[in-house]
Structures are given as C-alpha cells and as structure tokens.
Amino acid sequence: MSDDCIFCKIAHGELPADTVYQDENITAFRDIEPQAKTHILVITNKHFDSLNDACRDEPEILGHLLRICAMVARDHGIDDSGYRVLTNVGNDGGQSVGHLHFHVLGGNKLSPGLG
Ligand code: AMP
Ligand code: ZN
C-alpha cells in the first residue's frame, strides 16, 4: 500500500467509496465524476502505478481485472447495450490518479473519439 494514494485507501476501506464489488485482489467503485450514465472504476487492491508496472511485476492479475470489468458491466445491465473499458497511462495518456485503474463506461451512447 502506498501511503499517499487515494485508491489504496479506498481498496483498504480507509476512504469512503460507492463500492460495487470487492474480492481479495480487486475493488470496483463508482467514479466520483461520472463521464457516462454508468462509470465504474476497477482497481487492483495492490498498488501499481499503472499498466506498465502491473505488466512488469504481476501480469497474471490483469486477466482477473478484465474479467471483473466484464462482470461489473453485466451486473449493471450494460453488457448487451455495449460499453467501453479503458485505462489511461502516464502523462500523454491523461492518467490523473497514479494507481492502476480501468474505467468501465456505458449506459448511453459514448463518443466515438479515442484521442
Ligand atoms: P484517470 O484520469 O484515468 O487517472 O482517472 C481517474 C478517475 O478517478 C477520474 O475519472 C476521477 O473522477 C476518479 N476519481 C478521483 N478520485 C476519486 C474518488 N475519491 N472516488 C471515485 N473516483 C475518483
Ligand atoms: Zn495505490
């Protein structure tokens, strides 16, 4: 756990969040500034700065994380209508919180642009 990381604090129950799923490795909670009708963040409970670090140090967790993204989409009824899963990495990627997280966005038609 990284002491000054808000997502570590959420994963460890030290900061409140609207949590929709948790297991020993993964936590999912609603984004505080939703960019779509459904906007959920899926994070590893363990701190990784980004996809780069998780890939290097513990790549096997990424399959689990993606499966939970799909499960969260299904649980929120957006699997058939469609959704987007994305992770921002670093400065050019627009990452604003330095703890690996995947966005699950859906519930309405999303903009076609990807940057
Ligand atoms: P990114 O810009 O990809 O790093 O995404 C960070 C996301 O975290 C943004 O969509 C923020 O709205 C969201 N966020 C920041 N702080 C919180 C929080 N305390 N609870 C829920 N979502 C948060
Ligand atoms: Zn963290």
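**Disulfides.** I started by looking for disulfides in this predicted model, and I found zero. As a reminder to myself, a disulfide is a covalent bond between the sulfur atoms of two cysteines. I then picked out Cys 69 to see what keeps its sulfur unpaired. The closest cysteine sulfur belongs to Cys 55 and is 14 Å away, so the two are too far apart for a bond. For scale, the pair would have to lie within 2.5 Å to count. I also looked up the cover on Cys 69, and this residue is buried, with 1% relative accessible area.

**The zinc ion.** Next I turned to ligand 2, which is a zinc ion. Which residues coordinate the zinc ion? I noted Cys 5 and Cys 8, each through SG, together with His 47 and His 99, each through ND1. The distances run from 2.1 to 2.3 Å. I wrote down the spacing of these donors along the chain as C-x2-C-x38-H-x51-H. The angles among the four donor atoms are 104 to 116 degrees, and the site is tetrahedral. Ideal angles for four tetrahedral donors are 109.5 degrees. Are the two cysteines here, Cys 5 and Cys 8, buried or exposed? Cys 5 is buried at 6% relative accessibility, and Cys 8 is buried too, at 0%.

**A patch on the surface.** Last, I went looking on the outside. Leu 66, Tyr 83 and Val 85 make a nonpolar surface patch of about 230 Å². I followed up on Val 85, which sits in strand β4, residues 83–86. Its relative accessible area is 33%, so I filed Val 85 as partly exposed.

Definitions and conventions: Residues numbered from 1 in each chain as written. Chains lettered and ligands numbered in written order. Predicted model: local features only at pLDDT ≥ 70, side-chain atom pairs only at ≥ 80, totals over all residues. Heavy atoms only, no water. Patch = residues over 30% accessible without salt bridge, like charges linked within 9 Å, V, L, I, M, F, W, Y side chains within 5 Å. Areas by Shrake-Rupley, 256 points an atom, 1.4 Å probe, with all protein chains shown as cover. Salt bridge = Lys/Arg side-chain N within 4 Å of Asp/Glu carboxyl O. Helix = DSSP H or I, 4+ residues; strand = E, 2+ residues; numbered from the N terminus. Buried < 20%, exposed > 50% of the residue type's maximum accessible area, 1.4 Å probe, protein only. Donors = N, O, S within 2.8 Å, 3.2 Å for Na, K, Ca; no water. Tetrahedral: all angles 85-135°; square planar, octahedral: opposite > 155°, others 65-115°.
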